[in-house]
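Open the structure in your viewer and keep the selection tool at hand. This tour goes stop by stop, saying what to pick and what is there.

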Amino acid sequence: MHRVKTIFAGRPKTLLLAALAGTFVLWLCSSQINPYYLDVLTKIGINVTLAVSLNLINGYTGQFSLGHAGFMAVGAYTAAAITLFGGPKILPAESSHFFGVATGGLFFGALIVGGLAAALAGLLVGAPSLRLKGDYLAIVTLGFGEIIRVIFRNIDSLGGALGLNGIPPYTNIFWVFGVAVVCTYVVVTMVHSTYGRGFIAVRDDEVAAEAMGLNTTRYKIVAFVVGAFFAGMAGGLYGHYALSIDPKGFDFMRSIEIVVMVILGGMGNTGGVIAAAVLLTLLPEWLRRFDQYRMIFYSLLLIGLMLARPQGLFTWKRKPVLQA
Amino acid sequence: MSAAAKPSLLQLEHCTIRFGGLTAVSDLSMELGAADLVGLIGPNGAGKTTVFNVITGVYRPSEGSIRYDGESIAGQQPYQITAHGIARTFQNIRLFPSLSVLDNVRVACHLRLNHGVRHSLWRGRAFFKEEKKIDGEVMNLLEIFHLGKFRDAPAKELSYGDQRRLEIVRALATQPRLLLLDEPAAGMNPTEKIELMKLIEFIEDKYKISILLVEHDMQVVMGICRRIIVLDYGIKIAEGTPEEVRANPKVIEAYLG
Amino acid sequence: MTEFLQQLINGLSLGSVYALIALGYTMVYGILRFINFAHSDVFMVGAFAGFYLSRYFPRESFGGGLAVMLLAMLLCAALGIVIERLAYRPLRKGSNLAVLITAIGVSMLLENTGQLIFGADYKAFPTLFPVRTIVMPGGLDLSSNQLLVFGVTAALLIGLQFIVLKTKIGTAMRAVSFNHQAASLVGINNDRIISFTFGLGSALAAAGGILYSMLYPSIDPYMGVLPGLKAFVAAVLGGIGNIPGAALGGLLLGLIETFVNGSRFSTYTDAIAFALLILILIFRPAGLLGKFQAEKV
């Protein structure tokens, strides 16, 4: 908190603009970068957004949600539906000067709407679940994730069980890192304010938080909605990168992969979670030969972390501020 | 029972609290004025913390009414009741362990906050002005209670006595008119208890608030309370000044019988 | 009408399997207030144990089938005890969340190791017991496997009730589930009782795994995921921590699922269990037979 405070001492918006500008420059140079690296960077950006948004719900607010992939699915399908079905109606001809800009605008709009749809899903999931604690909340969010998946599996106009294909390849490095940067900015600035301390209070001790005048239900809902919004945007980005999506890709395992990033990074430690997201995106790439062992590795990692280092890999034990 | 000329701050009338088949509190009526220092005592299991919980909205009364400033608060959510001006501490200290001392108190200022999500994101001039104001208020409060030097320490690193004091400071930050202290002297040595007594009297004097105190330690209760209510098995068996209560045969029997 | 009765039979046999699995969830929750996520994978291991063990015993025989089932139950009981000892016990004092995450990890480990060892493809479960179709009045079909499912489940349920209510260790189990500290104060070895509970629950899951595979003879390393989740819903439906409740919940869920599957909403069959879970937890979290325990402030 102390370190973050110094970084944010009055200039977070400037940092945000600088980061976005940097992302734009990166995009301009993207033709110079090895396409494989570009691919990996894209995956990293999407995972960072997913992990940071989940960290708001699980890490900072302490609501153990196992259904994040469901929000991703809502965003992915909604955004894809807009570009696939709305695109041909709205976009000018390819030869037109405005094609590039129009496509960009359409994509941006689709991402936002996907995020909003996911946010709505977050509200619908959060509201009834919020009186539940720990284990129960986890199972219910898992259930919701599965219900969302089954619903999409039954919508034939979106491909049903076979999935939706032919999604236009609108995702590029600018969008991916842009969203990741904005997501990080939102989560960090939200939590590091007097208002935002409330999220952590809710996590630490709900009864005490209520006694201090905090509407804990409102905090939890805000966490769910904001977290879901960005998961939805990540989903939209993913859809226009993978070019084809199907319900199986947004299952419980996907949710768990994101959860592992949050745990590895340290619940409530945004920097650590980003590092963990990067690491867990690169690891499968490096260990591609051992891909069949990937899930075994994840499971051992989870168990090992919980037994040996539950605070995550990237949380350093601060020296006690008070000496003895 | 006091027949105060001005309307009382807190009024419980014929409150009964049942959990399934168990009646924790039965037909309790009590009143607190605007500048009262009242003790609530009784043997273990008498229902004292239950009374706190029903006043602060954690439970709702099965029967009877609870009025604050004349208006019923029964059935309201805890955070709404705190907004009315009732704050509390807990029997087992419930600080926010991952937050610093400063942040623990900052959180309690929430009720006075003008900014929310939008402002935290935008970080305009108004946001920083308010943050600075709150920072100042919190530091002021911490300094008064000699906790200022711990401002950035994680709350869990404080000594037991300091933690108890911090919990009281945190409750004060909500700017209450009624403060409920749940066994604040628990685990303290005699010196600390005397300091606690002075602290409570200081708070009552400086902030002009009413205090309702649940305590087992008779030295503390008899020492500072102007009025004492005695519960046994959820029923009020006595009420009066410390001297009156000390001499009451029913009270003696409840503790020794 | 025949259709209805047929569905009833099918539903009850599926429900019996759910009941057996649900018992494991409910017993562990009752004693530790913890949802053993890996339980569904013990179910899977039971099925595979039956698959591999059946090679050493005569097929299509009662004796052989029974032997396979008992051995699989023993094996899985041991597995359950080992898991508890290695992965859960060290975390018992910590946060509930940490154990839950560990349980998820163990579950994933079992599934993926299973995939590695057994292969991801579906295997045909062998015929353990002699199969006959009993034609009942009214044109109903009752397979001997279904009859066995009823019989074995009933026997196991009665056995469990006996253990829990009439034996010393069962009383100890109940004591530990009420109050850990008090139980150890009266001389109960909590660790051993907890191990025993895990072993018992896992044995029942193994039985469930074999019975399930007799009804739906296609097994794979991920077969436990859905039935496990549904059995968990059944346990909550009946009142988590309540043993008769788990049985009741299992049977009810089996029936509901079978009837939905036969209706025009069949594509939503899997989602029904989750929807049911959410509804229960919102409107009646104590379940049908359970008691809701509020947090002490």
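## Stop 1: a helix inside chain B

Select helix α1 of chain B, residues 48-55. Eight of its eight residues are buried, so α1(B) is largely enclosed by the rest of the structure. Bear in mind that this is a predicted model.

Now show the side chains. The buried residues are B:Lys48, B:Thr49, B:Thr50, B:Val51, B:Phe52, B:Asn53, B:Val54 and B:Ile55. Then step just past the end of the helix. There B:Gly57 takes a positive phi of about 90 degrees.

## Stop 2: the whole of chain B

Zoom out to all of chain B. How many helices and strands does chain B have? It has 10 helices and 10 strands. Its radius of gyration is 19 Å, and the globule rule gives 18 Å for 257 residues; the two are close, so chain B is as compact as a globular protein of that length.

Turn the chain along its principal axes. The C-alpha trace spans about 65 × 40 × 40 Å. Of the 257 residues in chain B, 46% are buried. Next, consider contacts in chain B between residues at least 6 apart in sequence. Among these, 66% join residues at least 24 apart.

## Stop 3: where chain B meets chain A

Keep chain B and add chain A. Here 36 residues of chain B are in contact with 29 residues of chain A. Which elements of chain B give two or more residues to the side that touches chain A? They are α2 (78-84), α3 (101-107), α4 (117-122) and α5 (125-144) of chain B. Color α2(B) on its own, as it gives the most to this side, with four residues.

Now color the side of chain B that touches chain A by residue class. Expect 18 nonpolar, nine polar and nine charged residues.

## Stop 4: the whole of chain A

Hide chain B and stay with chain A. This chain has 13 helices and zero strands. Follow chain A along the sequence, and the pattern is α-α-α-α-α-α-α-α-α-α-α-α-α. The radius of gyration of chain A is 20 Å, close to the 20 Å from the globule rule for 324 residues, so chain A is as compact as a globular protein of that length.

Along its principal axes, the C-alpha trace of chain A spans about 70 × 45 × 40 Å. Of its 324 residues, 53% count as buried. For contacts in chain A between residues at least 6 apart in sequence, 83% join residues at least 24 apart.

## Stop 5: a residue of chain C beside chain A

Bring in chain C and select C:Asn96. This residue lies in helix α4 (residues 96-118) of chain C. Is C:Asn96 buried or partly exposed? It has 18 C-beta neighbours inside 10 Å, so C:Asn96 counts as partly exposed.

Look for its partners beyond four places in sequence. C:Asn96 is in contact with A:Gly134, A:Asp135 and C:Phe34. Now draw a distance from C:Asn96 to C:Leu32. These residues are 64 apart along the chain, and their C-alpha atoms are separated by 9.8 Å.

## Stop 6: two helix pairs in chain C

Two packed helices are described by the angle between their axes and the distance between the axes.

For the opening pair, select α2 (residues 39-53) and α8 (residues 190-215) of chain C. They pack at an angle of about 55 degrees, with their axes 7 Å apart. That angle makes α2(C) oblique to α8(C). Their crossing is right-handed. From α2(C), the contact residues include C:His39, C:Phe43 and C:Met44, while those from α8(C) include C:Gly201, C:Ile210 and C:Tyr212. By class, the contact has nine nonpolar, eight polar and no charged residues.

Move on to α9 (residues 225-238) and α11 (residues 269-283) of chain C. Their angle is about 30 degrees, and their axes are 10 Å apart. That makes α9(C) roughly parallel to α11(C). The crossing of α9(C) and α11(C) is left-handed.

Show the side chains at this contact. From α9(C) come C:Leu226, C:Leu229, C:Lys230, C:Val233, C:Val236 and C:Leu237. From α11(C) come C:Asp270, C:Ala273, C:Leu276, C:Leu277, C:Ile280 and C:Leu281. The residues of this contact divide into 10 nonpolar, no polar and two charged.

Technical notes
Residues are numbered from 1 along each chain as its sequence is written. Chains are lettered from A and ligands numbered from 1 in the order in which they are written. This is a predicted model: local features need pLDDT of at least 70, side-chain atom pairs count only at pLDDT 80 or more; totals for chains, interfaces and linings use all residues. Axes are lines fitted to C-alpha atoms, for helices over the stretch in contact, and angles run from 0 to 180 degrees between N-to-C directions. Angles under 35 degrees count as roughly parallel, over 145 as roughly antiparallel, 65 to 115 as roughly perpendicular and the rest as oblique. A crossing is left-handed if the near helix is turned anticlockwise from the far one by less than a right angle, and right-handed if clockwise. Two residues are in contact if their C-beta atoms, placed from the backbone, lie within 7 Å. Ala, Val, Leu, Ile, Met, Phe, Trp, Tyr, Cys and Pro count as nonpolar, Asp, Glu, Lys and Arg as charged, and the others, Gly among them, as polar. The radius of gyration is taken over C-alpha atoms; the globule rule is 2.2 Å times the number of residues to the power 0.38. A residue is buried if 20 or more other C-beta atoms lie within 10 Å of its own, exposed if 12 or fewer, and partly exposed in between; C-beta atoms are placed from the backbone.
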